[in-house]
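Hello,

Here is the structure I promised to pass on to you. Please have a look at it first, and then read my notes on what turned up.

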Amino acid sequence: MISSHLNFKNKHILVVGDVMLDRYWHGGTSRISPEAPVQVVKVSNVEDRPGGAANVALGLAKLGVRVSLVGVVGNDENAVALENSLTKHGVECHFVTADKLPTITKLRVISRHQQLIRLDFEEREDSLSQNQAVADKVAQLLPHANAVIFSDYAKGCLSDVQSLIKMVNGANVPSFVDPKGDDFSIYQGATLVKPNLVEFEAIVGKCASLKEIEAKGLELRQRFGWKALLVTRGEDGLVLLEDGKPSFSLATAAKEVFDVTGAGDTVVAVLTAVFTTSKRFSDAVDYANQAAGYVVGKLGTASIDADTLEAIMFARSHSSNFGVLSPEELQEQIKLAQLNGEKIVFTNGCFDILHPGHVTYIKQAKALGDRLVVAVNTDASVKRLKGESRPINDLTHRMAVLEGIGAIDWVTWFDEDTPLEIIQQLTPDVLVKGGDYTIESIVGADHVLDHGGEVKVLTFVDGYSTTKIIEKANS
C-alpha cells in the first residue's frame, strides 16, 4: 500500500482516445403529452460534461495530475463547449479537428434523478490523414509523459492504435488501454489492458467461474504480450492477472449503485495515476476499485478528487473505524462520513462520573444527526477547570465508559481549556451543548455556523450532577 497522501502534481499523463460531450437536460415532469403517450419534460437546466476519453482526462485532472488530451472533434459549437469544460479544470486539449464530422455528443434527458432517454449525435470516418494527425500530436507530447492512456470507444480516433502503442513502447513509457470491440490483437504490446466482463467474454467466450476467467485471461495476456490484464466484473469485483504473479481478486467497493456512467473511465484514470507513483499494479487496482465504488453512487458522469480518494483509503486501512480515535484519525473519518452525506454531531465535556442525565443528553444529541462525536477533556484540562482533586476517573477510564454507550460513534480528547481548537479541526455539522447557554456564548459556535452548520442547546435532566454525586460519596 502506498502512502495515504496522494500527490500526483509532478506526474504528466497523456490521454488519447474518443472524446465526446455528455449533455444533460434536467427538468420536471407533471403531465402526459396530448400528441403521444409520453411524458412532457419542462427543461429547467442544461449541463455539459466531458465524456469518453475526455472524462478520463477530467478524472486525472481532479486528482491533481497534469493531463494532455488528444482526440478528434468537429468544427462546431459542441467542440468549443467540450474544450471549455476541460480547460477550466486544467486539461491541456490537443484536438484534431475533422471538418466533416460532428463532435460526438450524447444528450440525456433527466427528470427526478431518472434518465428518460438518450440521444446520440455521431458519425465515424477513418482516414489516413486523421490517423497521422493524431500520431503527430502523440509524438509531440510523448517525451514529457509518465504514462499514456488509450481510451477506445470505437469512434475512430484509435483506428490505428497498434502504431501508437509501438510508438509509446519505443519511448519506454507504460500504456494503459480501455478497450473496445472483438479484436484485442490491435492492443498487442500494451502494458495493461482493462476490459469489462462483457468485453472480455466477447473475446474468450462465456466464463462460468472466476477460475475460468483467470485461465482464459492468462492465455489472452500471454498471447498479446501484456504485462497485466484487469477484468472488471461489476458487482462481482475485479480480477488482476499480472505477469509472474498469482491472480489478484477484489470484491466490489460499491455500496449502492446509482449510475454506472463513467465508472470505467474512473478505473483507468485512478489505476494509471497510482501506478505512476507506486509502480505496483496491485496498489493501483486497489485504489481504482475504491474510486469506482464511489462514483457509481453519483448521478451522471462523475469523477473523484484526490482528497476524497485519500479519505476513503485512510478509512479502509484502519480496522477500527469507530470508538476511541485520536483527533487526527477522527478528522479523516469525519471527512469520509461527510463525503458520504452523513451529518456529524459534536458535543464535549469532562464526563467524570457518568450518570443517567449524561446518557439522556447523549441520546438526544445523537438524534440530531447520523454520527455522534464526544470530545473529552484530558486529565490536565479537568484539573485546570475543576481543581486538583479532579478528575475522579482518568481519561482512559472515562473514554472507555463513553465508548460503551451505543449512541456514541466516536470518542476523542482535547487538552485545551475549551474545545475551540478541536471544533475547528473537525468542523462538525451540528454543535450541541447542554445547560443554560445562549448560542452566542457557546465556544466554537461561530466556526460551525460560518461553515453552514447548526448549534443546538439541550436541557440537562434535573436531579443529576457529578458534583452532587461526589459530595454524597464524601458525606
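Phe 184, Tyr 187, Phe 224 and Trp 226 come together as one aromatic cluster. Please keep in mind that this is a predicted model. Within the cluster, the ring centres of Phe 224 and Trp 226 lie 5.4 Å apart with the planes at 40°, so this pair is classed as tilted. Phe 224 is buried at a relative accessible area of 7%, and Trp 226 is buried too, at 1%.

The count for the structure comes to 5 aromatic pairs. Another of them is formed by Phe 176 and Phe 275, whose ring centres are 5.4 Å apart and whose planes meet at 65°, so the pair is edge-to-face. This pair brings distant parts of the chain together: Phe 176 belongs to strand β9 (residues 175-178) and Phe 275 to helix α7 (residues 263-278), with the two positions 99 residues apart. How buried or exposed are Phe 176 and Phe 275? Phe 176 has a relative accessible area of 0% and is therefore buried, while Phe 275, at 9%, counts as buried as well.

Strand β9 also leads us to the sheets. It is one of the 9 strands of an open sheet with mixed pairing, in the order β5-β4-β1-β8-β9-β10-β11-β12-β13. Which strands stand at the edges of this sheet? They are β5 (92-98) and β13 (248-250); each has a single partner strand, so one side of each has no neighbour in the sheet. Further in, strand β11 (residues 228-232) and strand β12 (residues 238-242) run antiparallel and are joined by 5 bridges. In that pairing, Leu 229 sits opposite Leu 241 of β12.

Then there is strand β17 (residues 410-414), which is mostly covered, with 4 of its 5 residues buried. It pairs in the parallel sense with strand β14 (residues 323-324) over 2 bridges, where Val 324 is placed opposite Val 411 of β17. It also pairs with strand β16 (residues 371-377), again in the parallel sense, over 5 bridges. There, Asn 377 faces Phe 414 of β17.

Strand β16 comes up again among the salt bridges, of which the whole structure holds 25. Arg 371 makes one with Glu 342, with the closest N and O atoms 3.3 Å apart. Arg 371 is in strand β16, whereas Glu 342 is in the loop between α10 (327-339) and β15 (344-349), so to speak a link between distant parts of the chain, 29 residues apart. Glu 342 is partly exposed, with a relative accessible area of 24%. Arg 371 also meets Asp 409 in a salt bridge, at 3.2 Å from N to O. This second pair is likewise a link between distant parts of the chain, 38 residues apart, with Asp 409 in the loop between α13 (395-403) and β17. At 10% relative accessibility, Asp 409 counts as buried.

Elsewhere, Lys 456 and Glu 454 form a salt bridge whose closest N and O atoms are 3.8 Å apart. Both partners are classed as partly exposed: Lys 456 has a relative accessible area of 33%, and Glu 454 has one of 32%. Salt bridges with shared partners also tie Lys 106, Arg 118, Asp 120, Glu 122 and Lys 155 into one network.

On the surface, Leu 116, Ile 117, Leu 119 and Phe 121 make a nonpolar patch of about 330 Å². One of these residues, Leu 116, lies in strand β7 (residues 114-121). Its relative accessibility is 38%, and Leu 116 therefore counts as partly exposed.

Finally, a word on the cysteines. How many disulfides does the structure hold? The number is 0. Cys 93 is buried, with a relative accessible area of 17%, and Cys 207 is buried at 15%.

Happy browsing, and all the best!

Key:
Residues numbered from 1 in each chain as written. Predicted model: local features only at pLDDT ≥ 70, side-chain atom pairs only at ≥ 80, totals over all residues. Heavy atoms only, no water. Patch = residues over 30% accessible without salt bridge, like charges linked within 9 Å, V, L, I, M, F, W, Y side chains within 5 Å. Areas by Shrake-Rupley, 256 points an atom, 1.4 Å probe, with all protein chains shown as cover. Salt bridge = Lys/Arg side-chain N within 4 Å of Asp/Glu carboxyl O. Buried < 20%, exposed > 50% of the residue type's maximum accessible area, 1.4 Å probe, protein only. Pairing = 2+ DSSP bridges. Disulfide = S-S within 2.5 Å. Phe/Tyr/Trp six-rings, centres within 6.5 Å; stacked < 30°, edge-to-face > 60°.
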